[in-house]
Each structure stands twice: as structure tokens, then as C-alpha cells.
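Q: Could you take me through how the parts of this model touch one another, giving the reasoning behind each term as it comes up?

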Amino acid sequence: MREITYRQALNEALDEEMSRDEKVFLMGEDIAIYGGAYGVTAGLLNKYGEERVKDTPISEAAIVGTGLGAALLGFRPVVEIMYIDFIGLCMDQLNNQVAKIRYMFGGKCKVPLTIRTEGGAGRTLGAHHSQSLEAWLMHIPGIKVVMPATPADAKGLLKTSIREDNPIVFIEHKMLYNTKGPVPDGEYLTPIGVADIKKEGRDVTILTYSRMLLFSLQAAEILEKEGISVEVVDLRTLLPLDKQTIKKSVMKTNRVVIVEEDTKTAGAGAEIGMTVVEECFDYLDAPIKRVAGADVPMPKAPNLEKLAIPSVESIIEGVKEVLK
Amino acid sequence: MYTPSKQEAAKILRQMMEIRQFEDKIMELLAKNIAEGGSHLYAGMEAVAVGVISSLNSDDYITSTHRGHGHAIAKDGDLNALMAEILGKKTGVCKGKGGSLHLADLDKGNLGANGIVAGGLGIATGAALALKMQKSSKIVVCFFGDGALNNGITHECMNMASLWKLPVLYLCENNLYAMSVCINRACSVKDFRKRAAAYDMPADIVDGMDVLAVKEAAIKWINYVRSGNGPCLLVCNTYRYYGHSRSDPRVYRTKEEEKFYKERDPIPNFAKICIQNGWLTEQEVKDIESQVTKAIEEATDFAIKSPLPDPEELYSDLYV
């Protein structure tokens with residue numbers, strides 16, 4: 001199978017959906033002439049024109065709010081919030097308008113809106129350009145939260161998101177854009193709300209998503225050599241969580257490590273862990289372990305930044321701890 | 001002065017009376033605890049909603065505010081379904097899930113009231129973007145209060161709409177108070193038209209207690225927007241007769257001020273003009289009033305007798 005980058009995979013998804021459905025248009029800061037801060041929308045302005053690839057003012061609330069208005073009238077806008085760190089600027093639109101409008105109006109409207117954004121540490125960009133804020137979003141009924149880790153999932157999930165009649169927050173990771181992976185030729189869709197077992201194993205389940213999948217797979221490979229068989233579940237969607245796949249894996253391995261880049265307190269892992277407790281407590285042979293981000297603003301210094309998020313080493317330690 | 005046809009005059013009067021009596025009835029239901037929760041009442045401001053919305057085509061869009069009953073009625077909302085919604089009933093326009101703050105009727109072009117001040121600006125501007133992309137001749141009227149002028153998204157949206165020449169009329173209902181805070185204590189710029197200058201769009205101001213004046217200005221600016229000139233700002237100076245919500249003792253304003261505006265009540269004043277000009281007879285005015293009273297009684301009865309939503313409704317309508 002051909003190998004392309006996560007960035008190219010996303011670009012293909014946008015391109016294919018725009019060509020398939022003229023109701024799809026893109027709007028965001030620096031997405032047109034510049035091609036997106038991370039290059040995801042490169043080339044689309046030339047192909048589809050200014051009407052469908054719109055550079056906006058730096059107005060996050062209006063970007064999401066107008067996306068909602070256009071979605072209500074039948075368009076399928078894909079709006080971009082350049083860094084997830086900026087989501088606070090449009091949180092009212094997202095939480096109070098986008099997420100709730102269908103329910104508040106008794107189901108009389110649809111919101112086929114995709115909000116693409118990007119998060120995570122790794123480029124020493126400091127506290128305003130490195131956060132992982134998925135837990136904030138998981139707390140909002142009415143939206144779905146998608147966080148792909150591989151190029152294939154990025155493409156398939158973005159295409160599905162654009163076709164969904166529900167609002168999706170699609171969170172990419174800045175350190176994944178240049179990663180390469182096999183991506184099928186031609187049309188395919190990846191379902192939202194379905195986790196994927198990226199590596200099967202017997203002894204421990206790692207529940208993870210986004211960039212931490214890559215770290216977890218590296219850790220699993222090292223542990224395999226030490227005779228520890230790790231199953232790595234890529235959650236892919238955080239809202240809704242795929243409880244079935246989680247449960248099946250935990251029933252098999254009886255031990256769970258959650259690997260998440262976001263800050264630990266009230267983070268995504270808290271919800272994931274409690275889901276394990278509610279769904280399959282009786283199958284657990286050890287307490288659930290969270291390997292998570294430090295509860296601090298992201299520091300600039302490269303050594304501190306590395307310490308603030310999980311590492312292959314800390315994941316290995318976590319796995320060994322639940323096996324004690 | 002705008003001269004309505006006899007039929008038009010009757011409709012304007014009827015809708016203003018519907019809003020007034022609807023709001024008086026809600027106040028009564030709140031006082032009797034038949035209506036639970038709160039409601040922001042539109043009484044006093046009828047000339048704005050009716051003057052503007054009666055100048056739109058029925059397939060044009062509006063976004064409304066936390067004080068949205070008047071807009072919903074003027075946009076040909078069904079009185080029964082609106083009253084039932086405010087009481088949280090299954091037969092409500094949003095199946096009882098929205099309530100007073102979220103009255104919406106998309107089929108009639110009402111993109112919804114909003115519990116967040118300035119919450120509708122994004123929706124209105126986005127709907128206008130959609131209309132422009134569809135090359136439609138429809139427009140959006142975005143209602144908001146003086147309080148919303150000081151919220152960030154208002155600036156973001158007005159800039160964007162003017163930049164992209166979107167077909168949206170920003171309609172500021174200046175009722176002098178953002179809850180309790182008077183515009184003099186909240187707005188650095190007293191003449192709100194100057195706000196529009198910042199976005200290089202035209203602005204106008206009109207007496208919002210005079211429905212014909214509102215209508216004349218609305219027609220002018222609706223035509224401007226519909227002709228593809230981009231957005232504009234129309235400020236309607238008005239007054240709400242009740243407090244901000246039911247628990248409001250109105251300590252921030254004087255009895256004299258309330259009296260001043262009640263003497264300018266848009267409904268009896270318009271009725272008088274209708275009779276003076278021979279658009280309606282005294283009897284016709286009385287008939288309209290009693291028909292409205294009957295309709296409001298029926299709506300109230302309908303709402304009270306309607307069932308609450310089924311428990312299964314708790315989880316429905318969240319996702320498609």
C-alpha cells in the first residue's frame with residue numbers, strides 16, 4: 001500500500017469531499033493563500049476558489065458561529081481553529097450554540113459542521129500553543145470529538161466527519177503531520193465512535209489516542225522483548241467512547257494503563273478510567289494506571305516540555321506497575 | 001410617514017396586540033406559578049419586532065434574543081405552540097425542550113432566540129454567508145439588544161459581514177438597560193450609529209415606539225441589504241415595560257421614566273392613527289382586540305392542558 005503523511009491524508013480527505021459535495025466549504029485563519037498553519041489546506045484555494053476556501057479575520061467566535069449559521073442553512077462547513085489553545089475564544093459558540101441548538105430546538109435542525117483544530121506538545125511552543133484540551137470538549141453533549149493518530153484514520157475519519165449531520169470537533173496533532181503511514185487508494189470511510197486495536201496482546205491493555213498511540217506502540221515493542229504482551233487500543237473517538245472495544249480488551253487482559261497527553265486532573269483519562277470501572281470492574285486484576293500529562297502549563301524549555309507529557313519510558317514504567 | 005393598506009394596518013395592530021397580551025398573560029402565569037422559571041418579556045417593544053418583520057418576506061430569516069417572544073410572534077409563530085413551549089410542554093414549538101429562551105421555528109425562518117447575549121450574531125452572519133453563497137435574494141435580520149453591542153462576537157461578526165458584503169441587517173433594540181445597567185454606564189459611544197462606522201457600514205436610528213417610523217426605516221434598509229450592498233445597522237430606541245425578568249424590582253429606573261414611555265405606548269398610538277386616517281374603524285380596532293384576547297386565552301388553555309414531554313424525550317434529538 002502507498003505511504004503518505006498525515007498532512008497529505010487530511011488534504012486528500014478535504015479535496016475528495018469538496019469535489020464530491022459542493023456544499024462543503026472551508027473557512028479559517030490562514031487556510032487559503034498560506035495553505036494552513038500546518039499546510040493541511042495547501043492547494044485547495046487554487047482548485048476550488050475563494051468562495052469555498054476562505055481566509056477569515058482572526059475571529060474565532062465568528063468563525064465557529066458563522067459556520068453554525070451556514071450549516072443550519074444546509075452547507076457542510078469545515079472551519080479551522082488554528083490551535084486548540086484558541087478554543088476558549090469560541091467556546092461559547094461551541095458549547096452554547098453549536099452543541100445545543102438541535103436539542104434545544106426539539107430536533108428541528110441539523111448541524112453538519114466540522115471544526116478542525118490541532119493540539120499537543122512537541123515543538124517547544126510554550127503554554128499557548130501546546131495544550132491538549134480534549135477533556136473540555138468531552139464534557140459537551142451534542143458534539144463528537146475525534147482524534148486520529150495515523151494517516152489512514154485521519155483521512156477516513158475526516159471524510160466521515162464532513163458527511164456527518166452532527167457537529168464534530170476533529171483534533172489533529174502537530175507532531176503527527178509529518179508522520180507517514182499506509183493509506184488505501186480510493187474511497188473509504190472510517191466510522192466515528194469505533195476504536196481500533198492497533199496491536200493485539202494478552203497481559204495489559206493500553207487505552208490511548210492521538211500521538212500517544214505512537215509512544216504506546218514503541219513501549220509495547222520494547223516490552224514484548226521482555227516477554228510482556230501489551231494490547232494497544234487506539235480510541236480514535238473520545239466522544240462517544242467505544243465502550244464495547246474497551247470492555248472486550250479489558251476482559252481479555254484484566255489490566256489497564258491509560259496513556260494521555262492532556263493534564264491528568266479531570267483529564268480524558270479520568271473519564272476513560274471510570275468507564276472501565278463502570279463497564280468491567282469485576283475483570284480488573286489491578287488498579288487502573290494513568291500515564292498522563294503533568295498538571296502544569298506547558299513549559300518552553302525542551303527538557304521540561306518532554307517531562308510534562310508521557311514518554312516511552314514512563315509508559316513502560318506504568319505497564320510494569322500494573323503487572324506487579 | 002409609511003402608509004399601510006387597510007389589511008396591513010389590521011395585521012400590524014393585531015400582531016402588536018398579540019405580543020402585548022401574550023406577554024401580559026405570561027406575567028400572570030408566572031405570578032400564579034403556572035409558568036415556572038423565568039421569562040424576559042417584550043411588552044413595550046412591539047413596534048420594533050412588528051415594524052421590522054412585517055417588512056420582510058416570509059422566507060427571509062431572523063435571529064432573535066433572550067427577549068424573543070415578540071420576534072417569534074411577529075414571524076408568524078403559532079401562538080399555541082409558542083405558549084406551550086414557554087410552559088415546557090410536548091406540544092411546544094421545540095417540543096418543550098427549549099423554553100422561553102430558545103423559541104425557534106426554522107420552517108418560518110426564525111433561527112431562534114438565544115440565552116446568551118449576542119449569541120445570535122454568529123448564526124445570523126453565517127446564515128447570511130450561506131445566502132450569499134447560494135446567490136439567494138433572501139436576507140437575515142439579526143435582532144440584538146444594547147447589551148450585545150459590548151460583546152466581542154458582535155465586533156467579529158460585523159467586521160466579517162461588512163468585509164464579505166453579507167446580506168444581514170443588524171437590528172439593535174436599544175431599550176436603555178442591559179438588565180440593570182443603563183447604556184450611559186455601559187457604552188463609551190452614546191450614539192450607536194458610530195459603531196457601524198468602524199466597519200464602514202451605514203447606520204440609521206429610529207423611534208422604536210412608533211411602528212410606522214420603524215417600518216419606514218426597515219423597508220429602506222431591508223432594500224439596501226437585499227440589493228447586495230452588504231450589511232447595515234438599524235438602531236431602534238425602545239423601552240421594555242416589565243423588568244428584565246420576573247424578579248426584577250426595577251430599582252435602577254424611575255417611575256417618571258416608565259410613565260414617559262408608557263405615554264408613548266406603540267399600540268394605542270397606532271390604533272389612534274389607524275382610526276384618524278380611516279385605515280380602521282373604532283369598531284374594527286375593538287374587534288381585533290377581542291379576537292386577540294380570545295386567541296391568547298385559547299393558546300393559554302392549549303398550553304396548560306398540553307402534556308409534558310414523554311420521559312424518553314430526555315435523550316432524543318441530541319444527535320441526528
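A: Two residues are in contact if their C-beta atoms, placed from the backbone, lie within 7 Å. The model to which this rule is applied here is a predicted one.

Q: What makes residues of chain A and chain B part of a contact, and how many does the contact take from each chain?
A: A residue belongs to the contact because its C-beta atom lies within 7 Å of one in the other chain, and on that basis the contact takes 34 residues from chain A and 33 residues from chain B.

Q: Which elements of chain B give two or more residues to the side that touches chain A?
A: They are helix H5 (120-133) and helix H6 (152-163) of chain B, and H5(B) gives the most to that side, with ten residues.

Q: Why are 19 residues on the side of chain B that touches chain A called nonpolar?
A: They are called nonpolar because each is one of Ala, Val, Leu, Ile, Met, Phe, Trp, Tyr, Cys and Pro; the other residues of this side of chain B divide into ten polar and four charged.

Q: How do you know that domain 1 and domain 2 of chain A touch?
A: The domain assignment gives domain 1 (3-182) and domain 2 (196-323) in chain A, with 26 Å between their centres, taken over C-alpha atoms. By the cut-off of 7 Å between C-beta atoms, 24 residues of domain 1 of chain A are in contact with 25 residues of domain 2 of chain A, so the two domains touch.

Terms used: Residues are numbered from 1 along each chain as its sequence is written. Chains are lettered from A and ligands numbered from 1 in the order in which they are written. This is a predicted model: local features need pLDDT of at least 70, side-chain atom pairs count only at pLDDT 80 or more; totals for chains, interfaces and linings use all residues. Helices (H or I, at least four residues) and strands (E, at least two) are DSSP runs, numbered from the N terminus. Domain bounds come from an automatic or database domain assignment.
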